[in-house]
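User: I am new to this structure and would like to understand the words used to describe it. Could you take me through them one by one?

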Amino acid sequence: MSEDYRQARWPEPLLFEIARSNASKYKAVTWHDEMSYDRESIIESIPKSLLRENLNLPEVSEIEVIRHFTRLSQMNYSVSTGFYPLGSCTMKYNPVGNEEVAMMDELINIHPLQDVSTVQGCLEILYRLEKLLCTVTGMDRFSFAPAAGAHGEFAGCLIMRKYHLVKGENRKVIIVPDSAHGTNPASASMAGFEIEEVQSDNKGMVNVEKLKEMMGEDVAGLMLTNPNTIGLFENRIKEIVEIIHSYDGLLYYDGANLNAIAGIVRPGDMGFDIVHLNLHKTFSTPHGGGGPGSGPIGVKKRLEKFLPPPLIAFSPERGYYFEEPDKKSIGRIKAFHGNFLVCVKAYAYLLRLGWQGLREASEISVLASNYLLSKLKSMEGVIVPFDPELPRKHEFVVSFKKLLKDTGVSTIDIAKRLLDYGFHAPTIYFPLIVEEAFMVEPTETEPKRELDRYAETLRQIIKEAYTAPENIKKAPTNMSVNRVDEVKANHPRTITLSWKIYTKRIKSKEEGEEK
Amino acid sequence: MSKSIKHNPFIPHTDEEIAEMMRSIGINSIDELFNDIPKEFIIKKEPDFEGPFSEKEMLERISNIAVKNLYYPRVQLHIGQGIYLRYVPAAVKEILRRSEYLTSYTPYQPEASQGMLTALFEYQSLMAELLGLEIVNSSMYDWSTALGEAGRMAIRLSGRKKIIIGKYVFKERLEVLNTYIEPMGGFIKEIGYTTEGELNVEELERNLHDSAALYVEYPNAVGFIMKNLDELAEIVHRKGAYLITGVEPTVLGLIKSPGEIGADIAVGEGQSLGLPLSFGGPSLGIFACKDDPKMLRNMPGRLIGMTEDVNGTSRCFAMVLQTREQHIKREKATSNICTNQALMAVGVATYLALLGRSGLRELAEYIFTLTNKAIEKFHKLDFVKIPFYGLPHYQEFVYSVKEMTADKVLKGLLEKGIIGGLNIASDYPELGEAIVTCFTEVHSLASVNNYISALKAVVRHE
Ligand SMILES: Cc1ncc(COP(=O)(O)O)c(C=O)c1O
């Protein structure tokens, strides 16, 4: 075991710092004769009051552009470079074959507003993917409009709102568990709801008795993640569904992380009415450093009319076509047809796996998660919150509360120290109901050797915490930069959000010094 | 009981490794890990499904479906409305393919993710120059949702519910704005133009006192740039409302920026800065605002800031003001957005870096020149009407063919290998059988001439 790992460390200036006027030689356009003759007179026809005089974009050469962004990329940790067990994010391998599909001219050189007769291929892919997702979730219909999970949640919450409004009921409340992802309450709030939090019980699951007390005529529905963010399956799901449905509330399934149960159980069979999926998690499409993703929203038959456009249909006479949205639809939530290329990659992934392959992914992701947990369990300073005997699903959460008390080393320090060994940190301080939370999601695609190395490294870091805690506080030292000053980054006097602000600040500082 | 992987090609474990893991946990079968799930829900029967296929088979299958599309350059393509046909430089493709960016998550650990953070800071900085506004977030989903969020932000800031819209905003974008503001009680009021192509200021003033914002686009969805663009901010601000502008960003190589005309918030679609059409997604929502503390606190989306390491020895970058975001503020967050379109922002940063000031200016001049040459050539056809003839147009314009429906014209053109534009007859009945068409830097005068020959043939029923 060593900390031989070193991330690239380029002393890379910003584009604005290497710019020279006229350095850019790239020709974006070619002027032919008749065009160049008239160029000047046509440009002169623009009213002077509209013409731009100043544009401060930097000019650099092509080699500098390529080098700049290539060097930066080398200072970016990724699944392609190493183990990325970021909980709740499902950082599995992103098959490179799927990327080839998303580079086909036939799929990328298509305008979204072309006549349907010219985009039959795009629609067929979405139609087929929809069928597969219905099979995986037990829903009857999906819309691909949402660009990400949170966007799907927003659509889902609007569906809950519309469902009750159509009955003449203006229900004000959505219930979310205290372990829910932040997007759940944020999405419900955007859709105009008040949020009531239901507490978790001492098993780390929804407190069903409390839920029963909270449920009433004013509650539009419940948003639930299952397995929940602790990694536990909410095994009283049947009771939960009955409680919500008994008041004609709706059950929303946050399917951002389906990686433990795809091919094993279906939200639709558990009684959920609405589901969103994150294709950029379970369905292997890459996260692109923050996006793009895709968060298709699916519903049971009785809610189909509320879905946002586009909905894709097929008939032998018409071929594939966009269905006219129902009058009760929540309306459009994004122009065009969602993050199409992300959907294409997810379809490619499902074609590679088939049903059995999907099931295997769930089984092995759960196996890997419990395997790592079995190794961590016995380590000093590690607490497994809630029933340690219950199997976890695709991810698990441990707490470093005891370690912090014993050594003064906190979860964030451990996370930073892991970087020094070439591992990405887990998700930390989430879910909020676990103190010093450390949330690990190994996924099914991580080789066992890496899982073992990770566990061994963590053991060593914990040992270091007990023997040389000051070392850990300095971590990381092997990355492209040392620990980042996030306080300064956020301070109102020093916050710098663009080169424009940076230069403005320097100027005003210099002027201040002159005075 | 042992387990071996037979179908999933991406699981790396051997049978022995799986057995070892099971032993370490203390289970005899993987099913035991699912024992806590009520039996009645466990799927018993294998459903109908596609796959599994090898990589080669999968590529063949999808290719066979994809060829049913009619795609550029197999057709001459003339549709815009926010998504534009651009030449995508090899440099942009090269950077977008780099798996270090592609396969990373949101940069939660700044020390491990300086590459993405710096690239996004570059994006924010380049876009800030282009827009003339200091603060740009590191992306929204697309233009339409950026507009939705801008509407919500103006309603939050002003406490008023009405958003005034300068006419000719692309229909789908308007629908999205409505979906976003409706739960807050927000609503839209549309105002029009004078015959000189100025936004109707009288109508604007009548509506402003109880409005959160005025939203105008330039160029608008019918392609022209309103002449009194630079006079609106003062009028709007006098009544305590916000000015939001929507832009197709390449126009800013030539025309005054949102900042220069006094806009408070700017939104737009970044796809047109060097990204492929992709059937409309992924694209890139641009969102910017003035350097004003109150606006900044109310802004949706992720922001990257420049800082130093804790020793103060090297410059670095980190996500900032996360206290506005859903993972901290939950139901009180300024937006629910989490995953955004970060990679597209890196692509756009690459494009802007490659073109630079002179390249972007050149691009905008070319598009402006070609569009207006095309308008002149269309105007000379005695069977064509151009409703906004004489106004400055960029990239798109509207025409109709006398005594022929837009539908018929477009069908005729398609038979001749031209996707000629979008039928907007039912969206704007006052324009008649109108088609909005589009010319970008991918086109040339030869494309204009080819289009016109085809149009003549369609009119002559050839
Ligand atoms: C449980 C859960 N729900 C919702 C989301 C939100 O998804 P997205 O980031 O795609 O908006 C996430 C991912 O961050 C998540 O882990």
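User: What makes helix 7 of chain B largely enclosed by the rest of the structure?

Analyst: In this predicted model, 8 of the 11 residues of helix 7 (171-181) of chain B are buried, so the helix is largely enclosed. Buried means under 20% relative accessible area, against over 50% for exposed and partly exposed in between, with a 1.4 Å probe and protein chains only. Helices are DSSP runs of H or I with at least four residues, strands are runs of E with at least two, and both are numbered from the N terminus.

User: Which residues are the buried ones in helix 7 of chain B, and what do they pack against?

Analyst: Among them are B:Leu174, B:Val176, B:Leu177 and B:Ile181, and also B:Glu172 and B:Arg173. Their partners include helix 7 (149-166) and helix 8 (183-190) of chain A, along with helix 6 (143-158) of chain B; contact means heavy atoms within 4.5 Å.

User: Why is chain A called as compact as a globular protein of its length?

Analyst: Its radius of gyration is 26 Å, close to the 24 Å that the globule rule gives for 515 residues, so the description fits. The radius is taken over C-alpha atoms, and the rule is 2.2 Å times the number of residues to the power 0.38. Chain A holds 18 helices and 12 strands, and 67% of its residues count as buried.

User: How do you know which contacts in chain A join distant parts of the sequence?

Analyst: Among contacts between residues at least 6 apart in sequence, 72% join residues at least 24 apart.

How values were computed: Residues numbered from 1 in each chain as written. Chains lettered and ligands numbered in written order. Predicted model: local features only at pLDDT ≥ 70, side-chain atom pairs only at ≥ 80, totals over all residues. Heavy atoms only, no water.
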